[in-house]
Amino acid sequence: DDLNMPYVDLYFTQQPIMLLCQILSYWMVYDRECLAERKDLVDIQFVSCMNPKAGSFMVNMRLQRHHTILTTFTPTADMISGIYNPILAHHLKSFDTGIQKQCDSIMNATIDALQTILNNPAFLPSAKKFHYQFNLRDIANIFQGLLNT
């Protein structure tokens with residue numbers, strides 16, 4: 001779940017985060033009904049994420065030491081073109097040469113549309129428009145539609 005969502009209490013701790021720290025540090029929990037009974041946790045994997053635009057951006061160091069930190073960035077126009085241009089060009093080989101020549105125009109229009117959406121404040125996610133998440137998945141959907149022709 002989002003690591004930057006839990007409420008920070010009076011003592012600057014986050015109860016869900018501290019519970020995760022305990023589980024990841026000791027791989028066991030105590031039964032709340034019978035505190036003498038310990039339950040060992042085995043074969044569990046944890047995956048966490050953080051929202052890059054909202055919430056707290058600091059992760060408790062006791063929790064962070066249990067994770068491998070990976071970060072990704074929005075791909076550049078060259079990266080997107082390098083991925084999808086050969087795929088589209090190969091697909092368009094079965095069409096007339098006039099259509100084949102449109103490959104670069106289609107690619108540039110798609111990249112320009114994505115850049116316009118990403119740089120326009122009207123399309124940024126907010127509390128009311130949380131579903132506005134434009135990324136490489138949308139580009140993939142465009143090219144998936146083109147490849148169905």
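Tutor: Let's start with a rule for helix pairs: angles under 35 degrees between their axes count as roughly parallel. Keep in mind that this is a predicted model.

Student: Okay, so why is H3 called roughly parallel to H6?

Tutor: The axes of H3 (residues 77–92) and H6 (residues 136–147) cross at roughly 10° and come within 10 Å. That angle falls under 35 degrees, so H3 counts as roughly parallel to H6.

Student: Which residues of H3 and H6 meet?

Tutor: On the H3 side there are Ile80, Tyr84, Ile87, Leu88 and His91, and they meet Leu136, Ile139, Ala140, Phe143, Leu146 and Leu147 in H6.

Student: Now the loops. Why is Asp43 called exposed?

Tutor: Exposed means over 50% relative accessible area, and Asp43 has 81%, so the label fits. Asp43 lies in the loop between E2 and H2, and has a positive phi of about 55° although it isn't a glycine.

Student: And what makes Trp27 partly exposed?

Tutor: Buried is under 20% and exposed is over 50%, with partly exposed in between. Trp27 has 32% relative accessibility, so it counts as partly exposed. Trp27 sits in the loop between helix H1 (15–26) and strand E1 (28–30). Its phi is positive too, about 50°, though Trp27 is not a glycine.

Student: How do you know that Ile44 is partly exposed?

Tutor: Same reasoning: the relative accessible area of Ile44 is 34%, so it is partly exposed. You'll find Ile44 in the loop between strand E2 (38–40) and helix H2 (61–64).

Student: What do Trp27, Ile44 and Phe46 form?

Tutor: A nonpolar patch on the surface, with about 230 Å² of accessible area together.

Key:
Residues are numbered from 1 along each chain as its sequence is written. This is a predicted model: local features need pLDDT of at least 70, side-chain atom pairs count only at pLDDT 80 or more; totals for chains, interfaces and linings use all residues. Side-chain values use heavy atoms; hydrogens and water are left out. Patches are made of residues with over 30% relative accessible area and no salt bridge: like charges are joined within 9 Å, nonpolar side chains (Val, Leu, Ile, Met, Phe, Trp, Tyr) within 5 Å. Accessible areas come from the Shrake-Rupley method with a 1.4 Å probe; for residues, only the protein chains shown count as cover. A salt bridge is a side-chain nitrogen of Lys or Arg within 4 Å of a carboxyl oxygen of Asp or Glu. Helices (H or I, at least four residues) and strands (E, at least two) are DSSP runs, numbered from the N terminus. Buried means under 20% relative accessible area, exposed over 50%, partly exposed in between (1.4 Å probe, protein chains only). Axes are lines fitted to C-alpha atoms, for helices over the stretch in contact, and angles run from 0 to 180 degrees between N-to-C directions. Angles under 35 degrees count as roughly parallel, over 145 as roughly antiparallel, 65 to 115 as roughly perpendicular and the rest as oblique. Contact means heavy atoms within 4.5 Å.
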